[in-house]
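My notebook is open and I am going to look things up one by one. Here is the structure I worked from.

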Amino acid sequence: AGSNAKFQYSISPLDFGVPFDISAAGKIFSTHLLDHEVRKSYSFGVLAVDEGAPPRTGSATVSVYVAPENEHTPTFSRAIYSIKVAENISIGTTIIAVSASDLDNDTNAHLTYLAMSDT
């Protein structure tokens, strides 16, 4: 209790460019926007120094994992696909192949194709 129960917190980056800071209450917050596609994780140290005599220091390592967001819309390699097929083609015959891509990473880039009818 007393001055031993009062702390000053600080962040000790383990690498350059850690976009986090810490409040006097020990709450860690981001100082910049985070982007999973730029950097997936951060690691830094946190120090707590009490006001006792002599002052004592405690430390911890914090690892932050940036979750991916679904930021990009899938785009097809062509805007329109149009074909003619014979009326007597066999069932199961491939009539056309479409292709799309998504600039997201991880599971947000996995595409599912659905056949839709406008009739």
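**Entry 1: before I start**

I remind myself that this is a predicted model. I count residues from 1 along the chain, as the sequence is written.

**Entry 2: strands around β4**

I began with strand β4, which covers residues 41–50, and looked for its partners. Strand β1, residues 7–13, pairs with β4 in the antiparallel sense, and I noted 7 bridges for this pair. I picked one bridge to look at: Q8 has V49 in β4 as its partner.

Then I turned to strand β5, residues 57–65. β4 and β5 are antiparallel too, with 9 bridges between them. Two pairs went into my notes here. A48 is bridged to G58 in β5, and F44 stands opposite V62 in β5. How many residues sit between β4 and β5 in their hairpin? I found 6.

**Entry 3: the nonpolar core**

Which residues make up the largest nonpolar core? I wrote down 9 of them: I11, V18, F20, I22, Y42, F44, V46, V64 and V66. Next I checked where they come from. Strand β2 (20–22) and β4 each give at least two residues to this core. β4 has the largest share, with 3 residues.

I zoomed in on one core member, Y42. Leaving out residues up to four places away in sequence, Y42 touches G17, V18, P19, F20, L34, V62, S63, V64 and V66. V62 turned up in this contact list, and I had already met V62 opposite F44.

**Entry 4: D50, a charge on the inside**

D50 caught my eye next; I found it in strand β4. Is D50 buried or exposed? D50 is buried, and yet I could find no salt bridge for it. The nearest side chain of opposite charge belongs to R56, at 5.9 Å. A salt bridge needs the atoms to be within 4 Å, so I can see why R56 does not count.

So what does the side chain of D50 reach instead? I noted the backbone nitrogen of R56, at 2.8 Å. A polar atom of the D50 side chain also lies 3.2 Å from the backbone nitrogen of G52.

While I was there I looked at the loop between β4 and β5, where P54 has its place. The peptide bond from A53 to P54 is cis, with omega near 0°.

**Entry 5: D102, another one**

D102 sits in the segment after β7 (100–101). D102 is buried and has no salt bridge. The nearest side chain of opposite charge is K40, 13 Å away. I did find a polar atom of the D102 side chain 2.8 Å from the backbone nitrogen of D104.

What is D102 in contact with, leaving aside its neighbours within four places in sequence? My list reads N70, H72, T73, P74, N108, A109 and L111.

**Entry 6: P74, seen from its own side**

P74 was on that list, and I looked it up next. P74 is in the loop between β5 and β6 (75–76). P74 counts as partly exposed because its relative accessibility is 40%, and partly exposed runs between the 20% and 50% cut-offs. Beyond four places in sequence, P74 touches S101, D102 and L111. I also checked a distance: P74 and A48 are 26 residues apart along the chain, and their C-alpha atoms are separated by 46 Å.

**Entry 7: two loop residues to finish**

V38 lies in the loop between β3 (28–30) and β4. Is V38 buried or exposed? With a relative accessibility of 69%, V38 counts as exposed, because the cut-off for exposed is over 50%. From V38 to I22 I noted 16 residues in sequence and 23 Å in space, C-alpha to C-alpha.

I96 lies in the loop between β6 and β7. Its relative accessibility is 33%, so I96 counts as partly exposed. I96 is in contact with Y81 and I83, once neighbours within four places in sequence are left aside. The C-alpha atoms of I96 and V85 are separated by 9.8 Å, and the two residues are 11 apart along the chain.

Terms used
Predicted model: local features only at pLDDT ≥ 70, side-chain atom pairs only at ≥ 80, totals over all residues. Heavy atoms only, no water. Pairing = 2+ DSSP bridges. Helix = DSSP H or I, 4+ residues; strand = E, 2+ residues; numbered from the N terminus. Core = buried A, V, L, I, M, F, W, Y, C linked by side-chain atoms within 4.5 Å. Buried < 20%, exposed > 50% of the residue type's maximum accessible area, 1.4 Å probe, protein only. Contact = heavy atoms within 4.5 Å. Lys, Arg positive; Asp, Glu negative; His and termini not counted. Polar contact = N/O pair within 3.5 Å; in protein donor to acceptor, adjacent residues only side chain to side chain.
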